[in-house]
Amino acid sequence: MQVMAIDRNSLRGKLFIIIFGANTRKGRLFDVFLLYFILTSILIVCLESVPKIRNNYEPEFFYLESFFTIVFTIEYFLRIYSHPKPLKYLLSFYGIIDLFSILPFYLTYFMPSGHYLITIRILRLLRVFRILKLSSFVHHAQVLKSALAASLQKITVFMLFIVALVLIIGTIMYVVEGEENGFTSIPQSIYWAIVTITTVGYGDLTPQTSLGQIISSVVMIMGYAIIAVPTGIVTVEMSRSLPVPKTADLIECLSCGKRMPSNANFCSNCGHSLKE
């Protein structure tokens, strides 16, 4: 962190250390209290969405949500004020999330139901990784991020294939079933193809002809295979992102000759004990 960019003894510097300094005692306390505030405000919004509770405690909900939003708004502006580079914070991931967490309350003046979007504050709990120093979680999150980035092009090609596939299937079903059976247009038939190929199956639109039902069965079976493809792509990339054991850390199985990590108890190939 760029603490040296501001005077530590100034008000701005002290605020920066408390608000952004998770390594300090005051900073950790500030973030822990902030997390409790976030969780409490989200709980209040969830309870308010229950009609019976809302009708009995509507004024209390409003005052509590106003209180929490004012606190978060003050905190947001303090972050801007204390940061050495305010614009950098504003455009950062956490800065955008912090802004979106308070906007829904003010949007209620234009869109009454908009305040339920306040639950986006749950994203602010991502700070828990920084507060609790869960390095293993951060490491695994980085592995997942790398795997998703490496899979992006393959998944994009796959999704384009799926778009073409549902377009073709939807067109075929429109021709086979026709408007009299509910497939009133190609877009409507494409909707059916997406619902079927993802194995969701709402049931609001079903084929009535024998040929349509056969096609539907084939599409459903295809759906199981299609769902597995992106999972397999990401899994392969995740395995590539994991650190490979050094040769020095490998031992050879006396039964089949396969090289295994030195901390393994049994061979993954033949099941022979490696500790003998």
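Is Cys256 buried, partly exposed or exposed, and what is its relative accessibility? Select this residue to begin the tour: Cys256 counts as partly exposed, at 35% relative accessibility. The model on display is predicted.

**Stop 1: the cysteines**

Keep Cys256 selected and add Cys267, which holds the cysteine sulfur closest to that of Cys256. The two sulfur atoms are 3.6 Å apart, too far for a bond, because a disulfide requires a pair of sulfur atoms within 2.5 Å. The count of disulfides by this rule is zero. Next, select Cys253, which is buried, with a relative accessible area of 1%.

**Stop 2: helix 1**

Move to helix 1, residues 11-20. Display the side chains of Leu15, Phe16, Ile19 and Phe20, which are among the buried residues of this helix, and mark Gly13, which is also buried. These buried residues cover an arc of only 160° around the axis, so they lie on the same side of helix 1.

**Stop 3: Phe20 and its surroundings**

Eleven aromatic pairs are present in the structure. For one of them, select Phe20 and Tyr89: the ring centres are 5.8 Å apart and the planes stand at 85°, so the pair is edge-to-face. Phe20 belongs to helix 1, whereas Tyr89 belongs to helix 4 (residues 86-90), and the pair thereby links distant parts of the chain, 69 residues apart. Both Phe20 and Tyr89 are buried.

Extend the selection to Phe16, Tyr76 and Phe77. Together with Phe20 and Tyr89, these residues are linked by ring pairs into a cluster. Then add Arg79, which lies over the face of Phe20, at 5.3 Å from the ring centre.

**Stop 4: from helix 2 to helix 3**

Now select Phe37 and Phe68. Their ring centres lie 5.5 Å apart with the planes at 85°, so this pair is edge-to-face. Phe37 is in helix 2 (residues 25-48) and Phe68 is in helix 3 (residues 51-82); the pair therefore ties together parts that are 31 residues apart in sequence.

Which of these two rings belongs to a buried residue, and which to a partly exposed one? Colouring by accessibility separates the partners: Phe68 is buried, with a relative accessible area of 7%, whereas Phe37 is partly exposed, with a relative accessible area of 27%. The assignment follows from the cut-off, because buried means under 20% relative accessible area.

Note on methods:
Residues are numbered from 1 along each chain as its sequence is written. This is a predicted model: local features need pLDDT of at least 70, side-chain atom pairs count only at pLDDT 80 or more; totals for chains, interfaces and linings use all residues. Side-chain values use heavy atoms; hydrogens and water are left out. Rings of Phe, Tyr and Trp (its six-membered ring) pair if their centres lie within 6.5 Å; planes under 30 degrees apart count as stacked, over 60 as edge-to-face and the rest as tilted. Helices (H or I, at least four residues) and strands (E, at least two) are DSSP runs, numbered from the N terminus. Buried means under 20% relative accessible area, exposed over 50%, partly exposed in between (1.4 Å probe, protein chains only). A charge sits over a ring if NZ of Lys or CZ of Arg is within 6 Å of the ring centre and within 35 degrees of the ring normal. The arc is that of the directions from the helix axis to the C-beta atoms.
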